[in-house]
Amino acid sequence: MNQTANPMRVVVRTDASLQIGTGHVMRCLTLAAGLADLGAQVEFICRAHQGNLIALIEQRGFGVITFPFAYGDDSTSLDQPEHAHWLGCDWQTDAQQSLNAISGTVDWIVVDHYALDHRWETKMREKCARIMCIDDLADRPHDCDLLLDQSLGRCSQDYTTLVPEHAKLLIGPKY
């Protein structure tokens, strides 16, 4: 991508915490740095969990929209992802906060969060052209255009019923 007057806009939705760990943020920082090197404008959305890496993201030169930690409800209903309690609120609240925080429209939303699934992603389409999901569990449906799962032993068939037919899959450790 060349430097232009209208650089590609990318919003990354990810979190780190004592419970979640730091891997999601770290792999998103690697992607963000590569996109920024190509001229993209990248901004993060994170929730202020205990053990977050918001300061590190800012130190790396990226803006961060920070949401407060809302609650720590450990209950999970049957229609929620297994790790839904890691979000710190329900997905609808997070989606609305995200939509409100994003000014205008963006080219891509990158989501790397075990607590979010196709419902959150579908809601985000109000503000973005395309959605990229980073996942390594293959345990919930996604509404995405691009899915990255770099896990050793993973195959595209693991996502056959979890992503739309048009979604491009980047599967395996070569990614």
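**Exercise 1. Find the aromatic pairs in this predicted model and describe the pair that involves Phe44.**

Solution. A search through the whole structure, which is a predicted model, returns two aromatic pairs. One of them is formed by Phe44 and Phe62, whose ring centres lie 5.7 Å apart and whose planes make an angle of 55°. Since stacked pairs need planes under 30 degrees apart and edge-to-face pairs need over 60, the pair of Phe44 and Phe62 is classed as tilted. The next step is to place the two rings in the fold: Phe44 belongs to strand β2 (residues 41-47), while Phe62 sits in the loop between α2 (54-59) and β3 (63-67), so the pair ties together parts that are 18 residues apart in sequence. As to solvent, both Phe44 and Phe62 are buried.

**Exercise 2. Describe the order of the secondary structure elements and the overall dimensions of the protein chain.**

Solution. Begin with the inventory, which comes to four helices and seven strands. Read from the N terminus, these elements follow the order β-α-β-α-β-α-β-α-β-β-β. For the dimensions, the C-alpha atoms fill a box of roughly 45 × 35 × 30 Å along the principal axes. A compact globule of 175 residues would have a radius of gyration near 16 Å, and the value of 15 Å for the protein chain agrees with this. Burial and contacts complete the description: 49% of the 175 residues count as buried, and, among contacts between residues at least 6 apart in sequence, 48% join residues at least 24 apart.

**Exercise 3. Characterise the exposed area and the charged side chains of the protein chain.**

Solution. The protein chain exposes about 8,500 Å², of which carbon and sulfur atoms supply 52%. Turning to charge, count 14 positive and 23 negative side chains, and then compare the centres of the two sets, which lie 5 Å apart.

**Exercise 4. Locate Gln150 and work out its surroundings.**

Solution. In the first step, Gln150 is assigned to the loop between β6 (146-149) and β7 (168-171). In the second step, its relative accessible area of 25% is compared with the limits of 20% for buried and 50% for exposed, so Gln150 is partly exposed. In the third step, its contacts are listed without neighbours within four places in sequence, and they include Arg27, Ile134, Asp135 and Asp136 as well as Gly172, Pro173 and Tyr175. Finally, a C-alpha distance can be added: Gln150 and Leu170, which are 20 residues apart along the chain, have C-alpha atoms separated by 7.4 Å.

Terms used
Residues are numbered from 1 along each chain as its sequence is written. This is a predicted model: local features need pLDDT of at least 70, side-chain atom pairs count only at pLDDT 80 or more; totals for chains, interfaces and linings use all residues. Side-chain values use heavy atoms; hydrogens and water are left out. Rings of Phe, Tyr and Trp (its six-membered ring) pair if their centres lie within 6.5 Å; planes under 30 degrees apart count as stacked, over 60 as edge-to-face and the rest as tilted. Helices (H or I, at least four residues) and strands (E, at least two) are DSSP runs, numbered from the N terminus. Buried means under 20% relative accessible area, exposed over 50%, partly exposed in between (1.4 Å probe, protein chains only). The radius of gyration is taken over C-alpha atoms; the globule rule is 2.2 Å times the number of residues to the power 0.38. Contact means heavy atoms within 4.5 Å. Accessible areas come from the Shrake-Rupley method with a 1.4 Å probe; for residues, only the protein chains shown count as cover. Lys and Arg count as positive and Asp and Glu as negative; His and the chain ends are not counted. The place of a charge is taken as NZ of Lys, CZ of Arg, CG of Asp or CD of Glu.
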